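Hi everyone, thanks for making time. I'd like to walk you through a structure today, so have the viewer open and follow along.

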Amino acid sequence: MAAAVGGILLASVTLYAVLGGADFGGGLWDLLAGTTAAGRAPRALIDESITPVWEANHVWLVFDLVIFWTAFPQAFASVMTTLALPLWLAVGGIVLRGAGFAFRKEITRLSWQRAAGAAFAFSSLLTPFFMGTVIGAIAAGAVPADASHASQAAWTSPTAVATGFLFTCACGYLAGVYLVTEAARRGDRAMRTYFTRRAQAAAIVAGALSLTALAELHSSDPAFYSRLTGRALPLVLLAGACGLAVLALLSAGRPRGTRVIAALGVAAVIWGWGVAQYPVLLPGTGVTLTNAGATQATYVAVIVVAIAAVILVVPSFALLYALQARRVLRGGENGPWSVHHGSLEKGSIHDKMCARDQADPGKLG
Amino acid sequence: MSIASGAVLLAAAQGSGNVVPARAQMAGTLGFHIILACFGIALPSIVLLAEFIGLRRQDETAMRLARRWSQVMGVLVAVGAVTGTVLSFEMGLLWPGLMRQYGSVLGVPFGVEGLFFFLEAIFAGIYLWGWRRLPGWAHWWSGVPIAVSGILGAISVVAVNAWMNTPGGFTQAGGRITSVDVWQVFFPRSAVYEMPHMILAAYLVAGFGVASVYAAGILRGRRDRYHYTGFALGFVPAAILTPFQIFVGDTAARAIAHDQPVKFAAMEYVAQTSRHVPEWLAGVYVNGHVYAGIKIPDVDSLLVGFGPGTQITGWDSVAPADRPPVVWLIHLCFDAMVGLGCLLLLAGLWAAWTGWRRRRWPRPRLFWALGAVSGLAAVVAMECGWVVTEVGRQPWVVYGLQTTAQAATTNGGVLASLSIIIVIYGVIGAATIAILLMLARRWRRDDRDEAVPYGPPPPLADRLES
């Protein structure tokens with residue numbers, strides 16, 4: 001039963017990575033979009049794609065934490081103690097990112113909008129990096145079973161830092177691929193090309209970083225490396241194949257389906273890590289899924305919560321994404337770049353549709 | 001808020017070692033988040049009420065208020081989501097001892113809360129960004145899950161706090177949890193009063209908070225339909241719920257006298273277990289003396305057991321080390337909460353009386369001044385209540401089982417994280433207030449030419465002008 005709960009935890013970590021991770025990646029591309037004038041179109045697309053969904057995607061993080069401490073409290077306490085510094089830095093990034101993003105929408109003065117936007121974008125870059133170092137430190141076996149103090153060496157090892165870079169890059173990759181589809185859906189050729197190039201670049205860097213990390217593991221942690229290329233090999237190969245498929249499809253100008261494949265590739269990396277490590281929770285210690293401090297009743301409760309999530313939360317997410325895909329969620333007149341920022345969207349189809357909505361008596365309810 | 005967290009900081013400073021900054025940080029971040037959480041729990045219902053009236057009666061004013069409030073909701077929900085996440089991290093970063101020992105017990109209600117947090121965030125995305133794009137009633141219904149899951153989520157989180165106050169539903173042997181009874185963990189003894197007390201508090205904070213904005217406008221001479229409607233939509237629900245809140249609070253105090261006698265002793269200055277215990281109004285307890293307080297003989301016994309001879313347990317029943325620090329803070333916060341609750345009750349009664357006799361709002365400026373401060377009063381009362389329950393539980397984090405010192409992190413550097421958090425929260429708090437003020441200014445300017453969602457389009461000339 002502990003294995004099932006471990007699977008639930010890994011599944012919700014995966015969902016946070018492929019959904020929340022893409023929102024972080026959006027911030028990364030926002031950061032790299034250049035000057036106010038040059039970056040207006042990509043920033044508008046990023047903003048529009050993230051706005052209605054980021055909070056819901058963010059909840060996966062809270063859910064991950066809760067499942068972690070409920071099902072594996074001893075391991076949780078050790079991780080939070082040993083890796084306190086990168087976790088604090090990630091927390092700071094999460095706060096600044098969310099607040100910066102929310103504030104930017106409501107601010108009208110350009111200089112303040114830039115400040116809030118910078119908070120959003122910079123923290124989108126830093127947060128996944130620090131989260132990556134945490135995962136890397138766990139995988140590298142740097143977290144002791146009964147930790148009583150923080151260790152800076154734990155998260156600054158080559159494996160941890162490489163994982164940090166890989167996380168940041170993977171977020172940018174996912175966001176790039178998702179944004180290509182968003183641009184294609186809007187029939188925006190310029191943005192489609194713009195994000196295709198960036199998604200391809202991120203894919204190549206992420207692939208290179210993954211290979212570097214593998215090579216680094218080969219020398220620093222041969223046992224883990226042999227399990228990754230042993231029983232986790234199918235997943236590692238799947239991840240590689242997905243990356244290559246996305247690259248090929250993007251080059252061919254056929255973005256349809258790339259989002260699912262890209263997400264599958266990232267999921268394969270995460271599950272590859274899980275399978276390679278199973279059933280050990282904190283490598284290098286005796287802490288496994290079954291002896292990390294919870295009881296049967298707790299496992300049952302977590303499984304019940306997970307089933308409830310599948311019944312209640314998954315259809316709700318489906319509704320949210322479906323409405324988002326049909327571009328229903330645009331918040332009327334208050335988009336940040338559409339009204340206060342001048343001409344980008346003025347007189348576009350959205351304004352006319354708004355006017356038509358109001359004029360149509362059938363829509364008045 | 002700053003007063004309350006200042007008081008908490010002071011209270012935390014009575015501890016020692018790492019516990020001090022850890023408690024200060026938890027108190028500050030929780031005290032900040034809880035205000036946003038109140039709006040997250042209750043504001044959706046108020047917005048939906050306004051939109052319901054707007055749709056049902058084709059009322060442009062109510063609809064415009066709903067539209068604007070949902071924009072405020074968007075900002076508060078976003079900031080609340082991230083400050084709530086900070087608390088999740090802090091559970092492990094500041095209190096690893098608590099999580100190591102009891103994570104598998106108190107995690108269960110947190111897991112359930114996660115489900116409602118999901119539903120809240122998902123439907124907030126649909127509701128907040130679906131204005132004008134979803135048909136009117138479909139849009140209204142998309143907001144209902146936010147209000148419902150706000151309440152259910154609050155129940156789940158308060159379950160954890162109630163469990164910390166009256167722990168149960170598990171067995172432990174040799175320092176490890178051996179079995180968990182999920183139902184008992186979710187509904188510990190104190191849940192019966194803590195859950196409704198917090199949810200009603202959220203409705204009071206949000207309702208009076210909304211009302212105070214428009215009362216301030218009316219005080220400044222903006223006596224139009226827009227301001228009276230805005231005031232009424234917040235004030236009426238909150239004023240109706242106030243007597244229920246006072247009833248629940250009274251029940252809670254009586255139950256605490258039984259469930260956590262030492263906390264109750266601190267709330268009411270009961271030094272020795274005795275009968276004919278007097279009630280102290282205000283007053284500062286120092287070395288066995290109460291200064292500047294009003295003593296009413298027998299009343300505390302009367303309130304607890306409905307008879308002047310009722311025996312009440314004093315804090316002398318436990319060793320000095322097991323008593324909460326700074327009893328005067330706990331007592332004064334308790335009195336402030338009760339006093340402010342009564343003030344809010346009076347404001348509601350005043351409005352009810354005038355409404356009943358004259359079919360209008362009271363005219364005296366005093367009433368509107370009271371309305372203008374009602375939001376702040378509700379926030380302060382709520383913060384004081386948290387000080388009472390949290391400081392009153394000290395030195396325990398899990399009452400009678402684990403001390404706060406045992407729970408705290410053994411890491412250094414908590415002082416550093418505390419300083420950084422104070423700076424970040426200061427900036428975010430100031431920015432949130434600045435943005436709400438800016439929205440208010442923008443709305444006053446735009447009043448003429450803004451199209452009402454789900455209402456008739458503005459005249460063409462107006463639209464061209466804008």
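I'll start with how the two chains meet, then look at helix packing, hairpins and a few odd backbone spots.

One thing up front: this is a predicted model, so please keep that in mind as we go.

Okay, the interface. How many residues does each chain put into the contact? Chain A brings 67 residues and chain B brings 68 residues. On chain A, the helices that each supply at least two residues to the side touching chain B are α3 (54–71), α4 (73–82), α5 (84–106), α13 (296–325) and α14 (349–359). Click on α13(A) for a second, since the largest share of that side, 13 residues, comes from there. As for chemistry, the chain A side divides into 44 nonpolar, 18 polar and 5 charged residues.

Now zoom in on one helix pair across the two chains. When we talk about two packed helices, we describe them by the angle between their axes and the distance between those axes. Here the pair is α4(A) with α4 of chain B, residues 96–129. Their axes come within 8 Å and cross at roughly 160 degrees. Anything over 145 degrees counts as roughly antiparallel, so that is what α4(A) is with respect to α4(B). The crossing itself is right-handed.

Which residues meet there? From α4(A) you have A:Pro73, A:Gln74, A:Phe76, A:Ala77, A:Met80 and A:Thr81. Facing them from α4(B) are B:Pro96, B:Met99, B:Arg100, B:Gly103 and B:Ser104. By class, this helix contact comes out as 6 nonpolar, 4 polar and 1 charged.

Let's set a pair inside chain A beside that. Helix α11 (residues 233–251) packs against α12(A) at an angle of about 160 degrees, with the axes 8 Å apart. These two helices are therefore roughly antiparallel to each other. The handedness here is left, though: α11(A) passes α12(A) in a left-handed crossing. If you want to find the contact on screen, residues on the α11(A) side include A:Leu235, A:Leu238, A:Cys242 and A:Leu249. Over on α12(A), look for A:Ile261, A:Leu264, A:Trp271 and A:Val275, among others. The class count for this contact is 16 nonpolar, 4 polar and no charged residues.

While we're on α12(A), which spans 258–277, follow the chain into the loop between α12(A) and α13(A), and you'll hit A:Pro279. The peptide bond from A:Tyr278 to A:Pro279 is cis, with omega near 0 degrees. Chain B has a cis bond to show you too, joining B:Gln394 and B:Pro395, with omega about 5 degrees. B:Pro395 lies in the loop between α12 (365–393) and β5 (396–398) of chain B.

Staying in chain B, on to the hairpins. Strands β1 (residues 170–173) and β2 (residues 176–180) run antiparallel and are joined by 4 bridges. B:Phe170 stands opposite B:Val180 in β2(B). There are 2 residues between the strands, and B:Gly174 in this hairpin takes a positive phi near 60 degrees.

The other hairpin is β3(B), residues 279–286, with β4(B), an antiparallel pairing over 7 bridges. B:Glu279 has B:Ile296 as its bridge partner in β4(B). Again you'll see 2 residues between the strands, and B:Asn287 in the turn has a positive phi of about 45 degrees.

Now, what about positive phi in residues other than glycine? B:Ala292 has a phi near 60 degrees, and this alanine is found in strand β4(B), residues 289–296. Is B:Ala292 buried or exposed? Exposed, because B:Ala292 has 7 other C-beta atoms within 10 Å, and 12 or fewer puts a residue in that class. B:Phe306 also has a positive phi near 60 degrees. That phenylalanine is in the loop between α10 (299–305) and α11 (327–358) of chain B. With 9 C-beta neighbours inside 10 Å, B:Phe306 counts as exposed as well.

Last stop: B:Trp443, in helix α14 of chain B, residues 414–446. This tryptophan is partly exposed, with 16 other C-beta atoms within 10 Å. Pick B:Asp322 too, and you'll see the C-alpha atoms of the two separated by 54 Å, while they sit 121 residues apart along the chain.

That's my tour, so over to you.

Definitions and conventions: Residues numbered from 1 in each chain as written. Chains lettered and ligands numbered in written order. Predicted model: local features only at pLDDT ≥ 70, side-chain atom pairs only at ≥ 80, totals over all residues. Contact = placed C-beta atoms within 7 Å. Nonpolar A, V, L, I, M, F, W, Y, C, P; charged D, E, K, R; others polar. Buried ≥ 20, exposed ≤ 12 C-beta atoms within 10 Å, placed from the backbone. Axes fitted to C-alpha atoms, helices over the stretch in contact; angles between N-to-C directions. Parallel < 35°, antiparallel > 145°, perpendicular 65-115°, else oblique. Left-handed = near helix turned anticlockwise from the far one by under 90°. Pairing = 2+ DSSP bridges.
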